[in-house]
Amino acid sequence: MSNQAVRMRTGFTSTLLASILLVVSGCAGSHSNPEAGGLSCLPKSPPYQSPLALTDASPYETRLGFGYRPSTLKLIKLEDTLQGMDVNGRLTVDGMEYTLLQFHFHTPSEHTFGGPELPMEAHLVHKNKWGQLAVVGVLFRAGDENDALKRILDIAPRSLCGEARLAEFSPESLLPPIGQREFYRYAGSLTTPPYTEGVTWLVMRRAQPISTAQTAAFRELMGSHSRKPQDRNGRTITISEGSAENAN
Ligand SMILES: [Zn+2]
C-alpha cells in the first residue's frame with residue numbers, strides 16, 4: 001500500500017469512527033433544546049432522573065417552610081395537564097428562598113411509595129434567584145372528595161389552552177394539614193422534556209384524598225401522561241423526622 005493510500009485509508013477510518021461516535025452520543029439527533037443548554041456531547045452518567053420509587057429513605061432534617069397565600073388563580077388546560085398560574089407563594093429550603101411559579105397535575109402519580117402508583121400527583125414548581133428549581137410533590141390516594149380539587153374541577157376549562165379564574169385560592173389547600181407535612185427529599189430532574197437535572201424534589205409522605213369521581217374527571221380532562229419511576233443510581237433519599245412549617 002502506498003503512503004498516500006495509507007493516509008486515505010486512515011482518513012476514511014477516522015471519519016467513519018467520528019460518524020459512529022456522533023450517532024452513539026446522540027449528537028446527530030434532533031433533540032436540541034435551548035432551554036436544556038443545547039446539545040451536549042459529553043457523556044453524563046449516571047443519570048439522576050425523576051420520578052423515583054420513594055423507598056429506603058434515611059432520616060435527615062431539612063428545614064422546609066411554606067409561605068403560600070391566596071390569589072386569583074389562573075387555570076390553563078394544556079395538552080397533557082391542567083396548570084395553575086398567577087399563584088402567590090414562597091418556599092424556604094434550609095434557608096434558601098424559592099418563589100412558586102405554577103402547579104400542575106399528573107394522572108396517575110409519577111412517584112410511588114414502593115407499591116403501585118396512586119391516582120394522582122400535584123407538582124408545585126418553585127425557582128430561586130439562581131434559577132434552580134425545587135418541586136413539591138403531593139400524591140393523592142383514593143378516598144373522600146377533596147375540597148381543594150373540587151374548587152378546581154368546578155371551573156376547569158375543557159378546551160385546549162382554555163383559561164378560567166378562581167378567586168381566593170391558596171395552593172396551601174393542596175398540601176397535607178399542618179403538622180402532617182413530613183417529606184422525602186432527593187436530587188432529580190423534570191419529569192417532562194427536556195428532563196433537566198439539578199431539581200430538588202420534596203415529596204410529601206402523606207398522600208391526600210381524592211374521590212373516584214374526581215380522579216375520573218381529572219383523567220378525562222388531562223389524559224394519562226405520567227413518567228414511570230426511574231433508576232435510582234445510588235442516590236440517597238432522605239425523610240424528614242418532623243413536619244414542614246409555615247413560614248411567615
Ligand atoms: Zn409535573
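This is a short group-meeting talk on the fold and packing of one protein chain.

Okay, so before anything else: this is a predicted model. The chain has 248 residues, and 31% of them count as buried. In terms of secondary structure, we've got three helices and 14 strands. Mean pLDDT for the chain is 86, with 81% of residues reaching 70 or more. The weak part is residues 1–38, where pLDDT is below 50. That stretch does have 13 contacts in the model beyond near neighbours in sequence, but where pLDDT is low, the predicted coordinates should not be read in detail. I'll leave that segment there.

One number on the overall wiring. Take the contacts with a separation of 6 or more: 68% of them are between residues 24 or more positions apart.

Now the core. The largest nonpolar core has 45 residues. Which ones have the most contacts inside it? Those are Leu91, Val138, Phe183, Leu202 and Val203. And the largest share, six residues, comes from strand E8, residues 133–142.

Let's look at Leu91 for a second. Skipping residues up to four places away in sequence, Leu91 touches Gly65, Phe66 and Gly67, then Tyr98 and Leu100, plus His126, Ala134 and Val136. Gly65 from that list sits in strand E2, residues 64–69. Is Gly65 buried or partly exposed? Partly exposed, because it has 16 other C-beta atoms within 10 Å, and 20 or more would be needed to call it buried. Gly65 and Glu97 are 32 residues apart along the chain, with their C-alpha atoms separated by 9.3 Å.

Next, the strands around E11. Strand E11, residues 197–204, is mostly covered, with six of its eight residues buried. E8 pairs with E11 in the parallel sense, over four bridges; Ala134, for instance, has Thr200 in E11 as its bridge partner. Strand E10, residues 183–189, also joins E11, this time running antiparallel, with seven bridges. There, Tyr184 stands opposite Val203. So that's a parallel pairing with E8 and an antiparallel one with E10.

On to helix H3, residues 212–222. Its buried residues are Gln214, Thr215, Phe218 and Met222. Why do I say they line one face? Looking down the axis of H3, the buried residues fall within an arc of 100 degrees, so they share a face of the helix. On the other side, Thr212, Ala213, Ala216 and Glu220 are exposed. What covers the buried residues? The list includes strand E4 (82–85), E6, E7, helix H2 (147–155) and strand E12 (208–210). After H3 comes Gly223, which has a positive phi, near 75 degrees.

Last stop is Pro119, which ties back to that helix. Pro119 is in the loop between strand E6 (96–106) and strand E7 (120–127). Loop or not, Pro119 counts as buried, because 22 other C-beta atoms lie within 10 Å. Leaving out residues up to four places away in sequence, its contacts are Thr107, Pro108, Phe140, Arg141, Ala142, Ile210 and Thr215. Thr215 you'll remember as one of the buried residues of H3. Gln214 is another of those, and its C-alpha is 9.7 Å from that of Pro119, with the two positions 95 residues apart in sequence terms.

That's what I had; happy to pull up any of these on the screen.

How values were computed. Residues are numbered from 1 along each chain as its sequence is written. This is a predicted model: local features need pLDDT of at least 70, side-chain atom pairs count only at pLDDT 80 or more; totals for chains, interfaces and linings use all residues. A nonpolar core is a set of buried Ala, Val, Leu, Ile, Met, Phe, Trp, Tyr and Cys residues joined through C-beta atoms within 7 Å. A residue is buried if 20 or more other C-beta atoms lie within 10 Å of its own, exposed if 12 or fewer, and partly exposed in between; C-beta atoms are placed from the backbone. Helices (H or I, at least four residues) and strands (E, at least two) are DSSP runs, numbered from the N terminus. Two residues are in contact if their C-beta atoms, placed from the backbone, lie within 7 Å. Two strands pair if DSSP finds at least two bridges between them. pLDDT is the predictor's confidence in each residue, from 0 to 100. The arc is that of the directions from the helix axis to the C-beta atoms.
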